[in-house]
Amino acid sequence: MIQIDELKFSYRGHCVYDGLNLELTDGALYGLMGRNGAGKTTLMKLIAGLLRCKEGRISVDGMKPSDRKPEFLDNVYFVPESFNAPDIPVIEYAGSYGMFYSNYDGDAMLEYLSVFGIEPQAVFRKLSAGQKKKALIAFALALNTRLLLLDEPGNGLDIPSKLCLRRLLSEHVRPDRTIVLSTHQIRDVADIVDHITVIDCGKLLLNCTLEDISSRISFHIDDKAMQNSLFCERTAAGTVNILPYSESADSGRIDLEVLFNACISGGKKFTEYLQKNNGTKKEV
């Protein structure tokens with residue numbers, strides 16, 4: 001469980017968060033979305049204890065991340081968007097650093113490397129940026145931490161590798177684990193995330209399960225904006241309309257890209273509707 005209360009954080013005079021409140025539960029895979037510079041990476045570093053909040057409180061399983069206690073570090077791992085790896089074989093790197101984590105699984109590491117097509121004896125220096133990222137993600141999964149934070153994990157990966165990543169992340173979810181991944185490639189994660197968290201201008205705009213979202217709104221494609229639309233957007237497939245949920249209508253598949261744009265540019269009309277209409281579907 002991650003609990004954030006009244007978080008305030010500034011970076012070089014720029015206010016990133018001014019009173020953020022957020023709760024992330026166990027057993028979920030969160031898609032953390034926001035514009036470039038919205039503070040997604042900063043938030044993940046604060047949760048991982050790599051940055052210290054100026055004001056407010058962050059709690060991860062009852063522990064303060066910035067204290068960096070051994071029991072906290074044993075159960076949290078942050079995968080950055082890019083990193084500088086030492087000039088050693090991948091499997092040697094995993095063995096050297098995996099020993100600091102009580103749940104590290106060397107056999108799983110080899111399995112994940114095989115899935116990604118990375119040779120265990122390959123030297124990091126000779127790998128491409130995408131291969132390095134896959135090797136680090138394989139290591140992160142093999143650690144079996146209770147909290148896994150991934151910053152833009154799909155960047156630099158080819159399409160087959162993204163498919164492998166989605167499958168491995170889906171299989172990695174457990175009732176006692178939480179996975180948070182930040183992304184601007186929303187369609188890459190649409191099939192695996194079960195929670196959506198949207199931040200903008202230091203504020204939380206949305207933090208819901210997909211099931212909850214589908215009980216509040218519905219998506220319809222038409223040739224134009226519909227009269228009762230909360231938000232609409234032209235796409236290659238037609239105009240996607242977000243409507244208030246109706247049991248008599250086909251809700252359609254959630255379009256995460258349109259949902260994100262509605263949160264960011266749809267104004268208070270859309271976000272306030274989601275916040276007020278938080279009921280669930282009635283059983284038929």
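**Exercise 1. Overall architecture.** How many helices and strands does the secondary structure of the protein chain come to?

*Solution.* This is a predicted model, in which local features need pLDDT of at least 70 and side-chain atom pairs count only at pLDDT 80 or more, while totals for chains, interfaces and linings use all residues. Residues are numbered from 1 along each chain as its sequence is written, and side-chain values use heavy atoms, with hydrogens and water left out. The secondary structure comes to 9 helices and 12 strands, where helices (H or I, at least four residues) and strands (E, at least two) are DSSP runs numbered from the N terminus. The radius of gyration is 20 Å, close to the 19 Å that the globule rule gives for 284 residues, so the protein chain is as compact as a globular protein of that length; the radius is taken over C-alpha atoms, and the rule is 2.2 Å times the number of residues to the power 0.38. Along its principal axes, the C-alpha trace spans about 60 × 40 × 40 Å.

**Exercise 2. Burial and contacts.** State what share of the residues of the protein chain count as buried, and describe the contacts between residues at least 6 apart in sequence.

*Solution.* Of the 284 residues, 49% count as buried, a class that requires under 20% relative accessible area, with exposed meaning over 50% and partly exposed lying in between (1.4 Å probe, protein chains only). Among contacts (heavy atoms within 4.5 Å) between residues at least 6 apart in sequence, 66% join residues at least 24 apart.

**Exercise 3. The nonpolar cores.** Which residues of the largest nonpolar core touch the most other members?

*Solution.* A nonpolar core is a set of buried Ala, Val, Leu, Ile, Met, Phe, Trp, Tyr and Cys residues joined through side-chain atoms within 4.5 Å. The largest has 61 residues, of which Y77, L169, L206, I217, L259 and F270 touch the most other members. Helix α5 (residues 129–143) gives the most to this core, with 9 residues. A second, separate core of 28 residues includes I2, V16, Y30 and L32. Returning to Y77, and leaving aside its neighbours within four places in sequence, one finds contacts that include L136, F139, A140 and L143, together with Y93 and Y101.

**Exercise 4. Two loop residues compared with their surroundings.** Locate N75 and S229, and say which residues each one touches.

*Solution.* N75 is found in the loop between α2 (70–73) and β5 (76–79), and is buried at a relative accessible area of 18%. Not counting residues up to four places away in sequence, N75 touches N103, T145, R146 and L147. S229 belongs to the loop between β10 (217–222) and β11 (231–235) and counts as buried, at 11% relative accessibility. With the sequence neighbours up to four places away again set aside, S229 touches N241, I242, L243 and K269.

**Exercise 5. Backbone angles.** What is the sign of phi at R12 and at R68?

*Solution.* Most residues other than glycine have a negative phi. R12, although not a glycine, has a positive phi of about 50°; R12 sits in the loop between β1 (2–11) and β2 (14–24) and is exposed, at 75% relative accessibility. R68, likewise not a glycine, has a positive phi of about 55°; R68 lies in the loop between β4 (55–60) and α2 and counts as partly exposed, at 35% relative accessibility.
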